[in-house]
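Me: I'd like to go through some of the labels on this model and see what backs them up. Can you take a look?

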Amino acid sequence: MADPIRTAALTLNAGGEDRIRALDLTLSATGTTVIMGPNGAGKSLLLRLLHRLIAPTSGTIHSTGRQAMVFQRPVMLRRSVEANLLFALRRGPYAQDAANKCREVLTGIGLNTRAKQPARSLSGGEQQRLALARALSLGPEILFLDEPTASLDPTATLAIEKTVQRAADANTKIILVTHDQGQARRLADEIIFLHNGQLCEHTLAAEFFDAPTSPQARAYLAGQLVL
Amino acid sequence: MHEFTEAFRLAFALVLAGDADLIEIVGLSLRVSLTAIAVACFIGLPLGAWLAIARFKGRGAVLVVVNALMGLPPVVVGLLVYLSLSRAGPLGSFGLLYTPTAMIIAQTILIAPIIAALSRQVIEDLHAEYDEQFRSMGLSRREAIAALLWDGRTALITVALAGFGRAIAEVGAVIIVGGNIDHLTRVMTTAIALETSKGDLPLALALGLILLVIALTVNALAMSLRRKSHSFAHG
Ligand SMILES: Nc1ncnc2c1ncn2[C@@H]1O[C@H](COP(=O)(O)OP(=O)(O)OP(=O)(O)O)[C@@H](O)[C@H]1O
Ligand SMILES: [Mg+2]
């Protein structure tokens, strides 16, 4: 099990403005943390910082363990579906048995008949499923997900949620960004609400939806524009 | 006019009969240019990929130079290689002047910058798309370059074909460092130049026809590859 993730005074300046402002966070080592907030709040930037794809302007991040990330727009290699998956499998804990594991995973996500097809010819939802399977095949202890169901139909969304929940049950730490309140209710143990790069709220999921304390979160949940 | 059609008739006859001189010349042309393109890719592809990914001071200047080298005039390359390989030159002791090896060296110098500059562009675009995914997966720079070269393979083969097209059609460099010696360093382009000036039009025309066919084949290959890569990229 990974250590808890901690940040102290985490700040990121991009394009001359502070996009993440002095965040002090401690995320439990297991369970699902959902990050919410309006467009441009800094959710994707925060994920990138935590995953160490970008360096903070100031402040510190403490996180250990194997990590993987599913991006807001899935990046498919110009290879077959199968080759995309094998590329990750060979780098993870299933490297020894990659070929068998690959068949198993493809069957699990319903893409076994499409194994030889170019991955970029899959539909958006299929690409998201493949991207999630690819991230999981790295055997992450922390999994970052940036709106993994943003353009998916309800069935595909539930399929992804089931996979995420299974990973969480197997003690993978999940950090998920979503605008889907239903999804947040279904998956979240705790909620982080960001606005303008600032932490407005960090509470247990039940408390957040029943009685949000910050005016920004209240307005967001009520479907009002937060400015 | 009659002379002209007669020359064409003889040229076709030469090609169809598989004339021994003709085959020897075509064979040497292919050997020299294919070797040159192989060596140029071996140098140019990793260099291009590295230039696409690396960020260092003076990178902009290096890119300008590499791009400018794409337009190197063959005769200038020929002259520089001649000076280095001639008896008094720094590499004179190897005795390579007027050998196929000298021709390969000259053509490699001519096309390696083309391979490097064009592949740099291909890889840079791919890299912009893949970078975060690769860093997320913890790929080392070497692994990333290998994966980028593989994923850009169809575009990169097109780049190699462009280099080969330039090499096989080039005359200025090989005539200076090869000398157009019969049975030794005579290739299609130098033979065409010589036979035309000697007035042996059928052989010149026959070689010209073969050269055209090679150019057409290379272009057709490049085009079908491009179509294939498009379908792989977008479905
Ligand atoms: N490289 C950059 N340079 C300048 N500004 C940037 C850069 N990257 C992001 N930003 C800005 O930072 C802000 C936060 O971006 P971010 O992508 O984190 O938003 P988000 O909360 O994920 O929004 P969404 O819900 O739309 O995905 C945005 O206003 C964005 O324009
Ligand atoms: Mg985002």
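Reply: Sure. A definition to start with: helices are DSSP runs of H or I, at least four residues long, numbered from the N terminus. Also keep in mind that this is a predicted model.

Me: What makes A:Glu104 and A:Lys101 about one helical turn apart?

Reply: They're three residues apart in helix H3 of chain A, so about one helical turn separates them. Their closest N and O atoms are 3.5 Å apart; the cut-off is 4 Å, so the pair counts as a salt bridge.

Me: Why is A:Lys101 called buried?

Reply: Its relative accessible area is 18%. Buried means under 20%, so the label fits A:Lys101.

Me: What about A:Glu126 and A:Arg114: how do you know which is buried and which is partly exposed?

Reply: A:Glu126 has 14% relative accessible area, so with the limit at 20% it is buried. A:Arg114 comes out at 24%, between 20% and 50%, so it counts as partly exposed. Their side chains meet in a salt bridge, 3.0 Å from N to O. That pair links distant parts of the chain, with A:Glu126 in helix H4 and A:Arg114 in the loop between H3 and H4 of chain A.

Me: Why is B:Glu143 called partly exposed?

Reply: Its value is 34%, and partly exposed runs between 20% and 50%, so B:Glu143 belongs there. B:Glu143 also forms a salt bridge with A:Arg91, at 3.2 Å. This one crosses between chains, from helix H6 of chain B to the loop between helix H2 and helix H3 of chain A.

Definitions and conventions. Residues are numbered from 1 along each chain as its sequence is written. Chains are lettered from A and ligands numbered from 1 in the order in which they are written. This is a predicted model: local features need pLDDT of at least 70, side-chain atom pairs count only at pLDDT 80 or more; totals for chains, interfaces and linings use all residues. Side-chain values use heavy atoms; hydrogens and water are left out. Helices (H or I, at least four residues) and strands (E, at least two) are DSSP runs, numbered from the N terminus. Buried means under 20% relative accessible area, exposed over 50%, partly exposed in between (1.4 Å probe, protein chains only).
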